[in-house]
Amino acid sequence: MPQEYSPFTPGQPVPVEFFVGRSSEVQEIARMVELASTGRFSIGFLTGERGIGKSSLASFVRYFGEREHNVLGVHVFLGGVHELPEMARRAFDRLLKESIDRPWHQKVRSFLGNHVRQVGLFGITVEFAASSQDLQQAVHDFAPSIKRLAETIEENRKGVFLILDDINGLAQSEAFANWLKSLVDEIATSAQPCPFCLLLVGLEERRQTLVQHQPSLARVFRLVEITPWSDGETRQFFEKAFASIHVRMAPGALQTLTTYTGGFPAVAHEIGDAVLRVDTDGYIDARDALQGVVSAADVIGRKHLEPQVYRAIRSERYRAILRKVAREPFGPQFRRAEIMRRLPPAEKRVLDNFLNRMKRLGVVVPDAERGRGAYRFINRLHYLYFWMEAQRTQQSRV
Ligand SMILES: Nc1ncnc2c1ncn2[C@@H]1O[C@H](COP(=O)(O)OP(=O)(O)O)[C@@H](O)[C@H]1O
Ligand SMILES: [Mg+2]
């Protein structure tokens, strides 16, 4: 049924009212924010796979921290940024934009001095503009600047909570690792209070690269890792979302949606969105659910997967395997022999081709610890997509 308002927001941090689960992670980061509100510095690293819900969690804690601990939250997205000056520019620009309509707007503007520029036809939009030399300086003076900002707004807010999200590009550079290290050292050696919480958000591989560049950072970060939702949390998400638009669900349908979501919020939103599109009567039955999953597979494949992986998994060549594999599920860790058993002799060679192809594409890796013939999917999204495609292949035969 076409909905005017959809609770599903694929590709965007989830609105607070549909945020599900993550309570221990929320508490952990909220404690750091609370520390900041008492004048103590803390720094965390929030990690997890793409689409698992890092940005959503960060955005939720920001909302919570502003409300409960009275801090000023700034959430900066640094996708595609590789250089520190650009990082500083985006951080101050966000600070400025997020302060509009807040009581401390003028204070933030005067803190940013003559770098605030009116843009747009009526000068309604503001922008932080600084020369590259000034930006270099801003990078260098980051810690004292944040302290000064905190002092500037201390009548309104008790500290600053800065989220540097999507630092995957930056985290590869040694300059960023060194910058972080000196920031932390500078704050640690200063006797003054520093009401500042810094949360870095990125993939685990990038955290490891950072730590390789600056091993002492490993001890400094409080590490928060997001794992998949439990089935209960996934169900809760769908129940809440569909109830908000008065759509009802057959119990079996809810189970199908939960199974194919595999605890992955990004997949949940794509599936939910697709199910709403196929439903015609405000009641999701088993057929709507399966059709939704199948059409979500298509979207997920095109939107979230590398094109070579997408093409390989969908190719004619491998459909026979998928069809047979789909009969009984296996986990993200599996054994070659387990799948071989399901295939007729003619397709056994194709399976090895398929596995080699998937290995080359970085989808599966041999799992040496579990012995010969053991494999695992590197990325949960690939695994889930694999199952959705298997489902689709099986359906398309009938
Ligand atoms: N706790 C949650 N509750 C509901 N939806 C969520 C939750 N976490 C993430 N999502 C949704 O999942 C998708 C991916 O989340 P996002 O925060 O962008 O992940 P990441 O930053 O790890 O790539 C988005 O559509 C988002 O709305
Ligand atoms: Mg994100």
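Which residue is the bridge partner of Q333 in strand 12? In this predicted model, where local features need pLDDT of at least 70, side-chain atom pairs count only at pLDDT 80 or more, and totals for chains, interfaces and linings use all residues, the partner turns out to be R376. Residues are numbered from 1 along each chain as its sequence is written, with chains lettered from A and ligands numbered from 1 in the order in which they are written.

Strand 10 and strand 12 (residues 374-377) pair in the antiparallel sense over three bridges; strands here are DSSP E runs of at least two residues and helices H or I runs of at least four, numbered from the N terminus, and pairing takes at least two DSSP bridges. Together with strand 11 they make an open antiparallel sheet, ordered 10-12-11. Strand 10 (333-335) and strand 11 (364-366) sit at the edges, each pairing on one side only.

As for ligand 1, 23 residues surround it, and V14, G53, S55, S56 and P265 come nearest (near means a C-beta atom, placed from the backbone, within 6 Å). Helix 2 (54-68) and helix 12 (265-278) each chip in at least two shell residues.

Then there are two non-glycine residues with positive phi: D166, at about 55°, and H246, at about 60°. D166 lies in the loop between strand 5 (160-165) and helix 7 (174-189), and it counts as buried because it has 20 C-beta neighbours inside 10 Å. H246, in the loop between helix 10 (231-244) and strand 8 (248-249), counts as exposed because it has just 8. The cut-offs, on C-beta atoms placed from the backbone, are 20 or more others within 10 Å for buried, 12 or fewer for exposed, and partly exposed in between.
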